[in-house]
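Hi everyone, thanks for coming. I'll keep this short, so grab a seat and have a look at the screen.

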Amino acid sequence: MTTYYLSQESFEKIFILLKENKTVYCSQVEKTRVFLEGVYHIMRTGCQWNELPSYYGAFKSVHKRYLSWSRKGIWSGLLSSFAKKGEDTSSVMIDSTVARAHACAAGYEKDSQEEQALGRSKGGFSTKIHACVDAKGNALRFTLTPGQRHDVTQAQTLTKDLHDSHVIADKAYDCDEFLDSIKKRNCTPVIPPKKNRKNPRDYDAQKYKQRNLIERFFGKIKNFRRIFARFDKTADAYRGFLSFGALIVCWIR
């Protein structure tokens with residue numbers, strides 16, 4: 001290989017964390033880099049695994065290793081490690097976006113689709129990505145649900161470790177239970193009240209303008225074809241691409 005997606009500096013930052021993880025075998029530096037480049041190629045282009053160029057190695061081996069890392073949570077672990085070092089949680093934004101699921105993501109029985117975060121919304125067969133980003137628009141964590149699931153169902157999970165923050169979100173998160181929860185942790189909700197509230201709440205409209213950061217994050221992450229549309233049958237595999245893509249656009253560029 002003569003051309004790399006990842007710069008040498010970016011790769012070294014990732015490799016340092018991989019060496020600290022005892023569940024990861026990565027003693028050969030160049031082979032590890034080629035593997036990461038192969039995963040990046042799949043994620044960026046959205047091509048099928050059997051179309052992976054041969055200079056990345058045997059596609060079955062790359063695919064098998066990628067799935068193993070996904071099941072072990074290595075991709076999400078990398079994202080969490082970078083986020084803990086540089087996060088700015090003076091303000092956080094939460095929101096969701098829908099990714100259409102391709103027909104090749106199907107195959108599970110209806111009862112199993114819920115577990116794999118697949119469902120049917122107005123937009124069709126889809127997965128909903130729920131995200132939390134910090135004050136700089138950098139991703140902190142994700143959850144996945146079927147496409148028809150309401151945004152507020154994941155609000156507690158996305159903000160469970162937050163204290164002393166401004167929590168910025170749209171009207172979909174205007175729920176008394178959620179508002180009380182974040183207030184108990186000394187967080188300030190910046191959430192417009194729904195029109196049907198009998199006693200509308202006040203909120204910081206100027207602070208609310210920062211919510212564009214999470215929309216911009218979704219725009220950047222969806223430049224990766226494998227994230228823009230879901231081709232993976234399992235939630236773990238799709239979450240792996242999501243974590244790796246967020247790591248690249250938020251923390252190592």
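I'll talk about the sheet and then about the nonpolar core. Keep in mind that this is a predicted model.

Okay, let's start with strand E3, residues 124-133. How many of its ten residues are buried? Nine of them, so to speak of E3 as mostly covered is fair.

Now, who sits beside E3? Strand E1, residues 91-101, pairs with E3 in the antiparallel sense, and there are eight bridges between them. If you want one to look for, find Thr 97, whose bridge partner in E3 is Ile 129. Ile 129 also stands opposite Leu 144 in E4. That strand, E4, covers residues 139-146 and pairs with E3 over seven bridges, again antiparallel. Going from E3 to E4, you pass through a hairpin with five residues in between. Check out Gly 137 in that turn: its phi is positive, about 85°.

There's also a short stretch to mention, strand E2, at residues 119-121. E2 and E3 pair antiparallel over three bridges, and Gly 119 stands opposite Ser 126. The hairpin that joins E2 to E3 has two residues.

Right, on to the core. The largest nonpolar core has 74 residues. Which of them touch the most other members? Those are Ile 14, Leu 36, Phe 217 and Phe 244. Helix H11, residues 235-251, gives this core its largest share, with twelve residues.

Let's zoom in on Phe 244. Beyond its neighbours within four places in sequence, Phe 244 is in contact with Ile 14, Leu 36, Val 39, Tyr 40, Met 43 and Trp 75. As a general point, nonpolar side chains in soluble globular proteins tend to be buried together.

Key: Residues are numbered from 1 along each chain as its sequence is written. This is a predicted model: local features need pLDDT of at least 70, side-chain atom pairs count only at pLDDT 80 or more; totals for chains, interfaces and linings use all residues. Side-chain values use heavy atoms; hydrogens and water are left out. A nonpolar core is a set of buried Ala, Val, Leu, Ile, Met, Phe, Trp, Tyr and Cys residues joined through side-chain atoms within 4.5 Å. Buried means under 20% relative accessible area, exposed over 50%, partly exposed in between (1.4 Å probe, protein chains only). Helices (H or I, at least four residues) and strands (E, at least two) are DSSP runs, numbered from the N terminus. Contact means heavy atoms within 4.5 Å. Two strands pair if DSSP finds at least two bridges between them.
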